[in-house]
Amino acid sequence: MKTVLQNIEIEVVKGDISNQPDVDAVVNAANAELAPGGGVAGAIHSTAGPQLYEECKPLAPIDPGEAVITNAYGLPNKHVIHCLGPVYGQDKPEDQLLASCYRNSLKLAEENSLESIGFPGISTGIFGYPKEQAVEVVFNTILPELPRIKHLKRIKFIVFGDKDLQLYESKLKEIAVG
Ligand code: AR6
């Protein structure tokens, strides 16, 4: 499903973040060390190959809410934006830290003149952020940024399961209706 807001296409698909050739950058739901892990980080590092972790090492550690950008190596993208989401119930205030992830990722995309970016549901896996709450933070963060965007033409959300797809699609419909 897709919609256009302020001349920027907002799209939601079910799929694997490590196989999104139509976006300039994918966002990694990283760990502080920017090391290969499980979930999104596992998929991104295994497809990118070991050079990705070599580039990441001197950039680590990062704090919750922070984002850094690297090359994408074996991934079908130009860049990876690595972001450390908050661990739910531990890193506080969770909503502000999660919002910083999305805001800082958009900022890096803009600074690098990227035209498209693909986001996973940061913190909603191993880090335990409830998906219903996370999707609210995502859209409450992204929408106010749209008027400031100069380069990005497309923001894509790549979700893993049917439940996530439904959550994003109903939020997108709600926004599109206005
Ligand atoms: N493509 C798209 N979405 C995915 C994929 C994939 N290949 N794999 C999982 N998801 P997670 P976090 C969904 O755990 O919560 C790592 O080990 C998943 O269903 O990857 O930020 C890191 O090293 C969930 O909705 O990220 C960190 O230690 C969402 O993506 C830690 O986990 C995020 O799940 C980060 O935890």
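The paragraphs below lead through a predicted model, beginning with its sheet and ending with its largest pocket.

The sheet is open and has 7 strands, arranged in the order E1-E2-E7-E6-E3-E5-E4 with mixed pairing. Strand E1 (2-5) and strand E4 (67-71) stand at the edges and have a single partner strand each, so that one side of each is left without a neighbour in the sheet. On average, and with direction ignored, neighbouring strands of this sheet are turned by 20° against each other. As a general matter, the strands of a sheet pair through backbone hydrogen bonds, in either the parallel or the antiparallel sense.

Strand E7 (residues 154-159) is a useful place to look next. On one side, E7 runs parallel to strand E2 (residues 8-14), to which 6 bridges join it; within this pairing, glutamate 11 stands opposite lysine 156 of E7, and valine 13 has isoleucine 158 as its bridge partner. E7 also pairs with E6, again in the parallel sense, over 4 bridges, and here phenylalanine 119 has phenylalanine 157 of E7 as its bridge partner. Between these two strands the chain crosses from E6 through H4 to E7, in a β-α-β crossover that is right-handed.

How many of the residues of E7 are buried? The count is 6 of the 6, so the strand is largely enclosed by the rest of the structure. In a regular strand the side chains alternate between the two faces of the sheet. In E7, Arg154, Lys156 and Ile158 point one way, while Ile155, Phe157 and Val159 point the other way, and all of them are buried; the buried residues thus include the arginine and the lysine as well as Ile155, Phe157, Ile158 and Val159.

Two helices can be placed against the strands. Helix H4 (residues 131-145) lies across E1, E2, strand E6 (116-119) and E7, and runs at about 170° to E7. Helix H1 (residues 39-48) lies across strand E3 (25-29) and strand E5 (79-83), running at about 130° to E3.

These helices appear again at the largest pocket, which holds about 570 Å³ of space. Of the 28 residues that line this pocket, Ala29, Gly39, Val40, Gly121 and Gly125 are the closest to its centre. The elements giving two or more residues to the lining are H1, H4, E7 and helix H5 (162-177), and the largest share, 4 residues, comes from H1.

Note on methods: Residues numbered from 1 in each chain as written. Predicted model: local features only at pLDDT ≥ 70, side-chain atom pairs only at ≥ 80, totals over all residues. Heavy atoms only, no water. Pairing = 2+ DSSP bridges. Axes fitted to C-alpha atoms, helices over the stretch in contact; angles between N-to-C directions. Contact = heavy atoms within 4.5 Å. Buried < 20%, exposed > 50% of the residue type's maximum accessible area, 1.4 Å probe, protein only. Right-handed = clockwise from strand over helix to strand, strands pointing away. 1 Å grid on protein atoms, 1.4 Å probe; cavity = no way out; pocket = protein on both sides within 12 Å on 5 of 7 lines; lining within 4 Å. Points joined across faces, edges and corners; volume = space filled by probe spheres on them.
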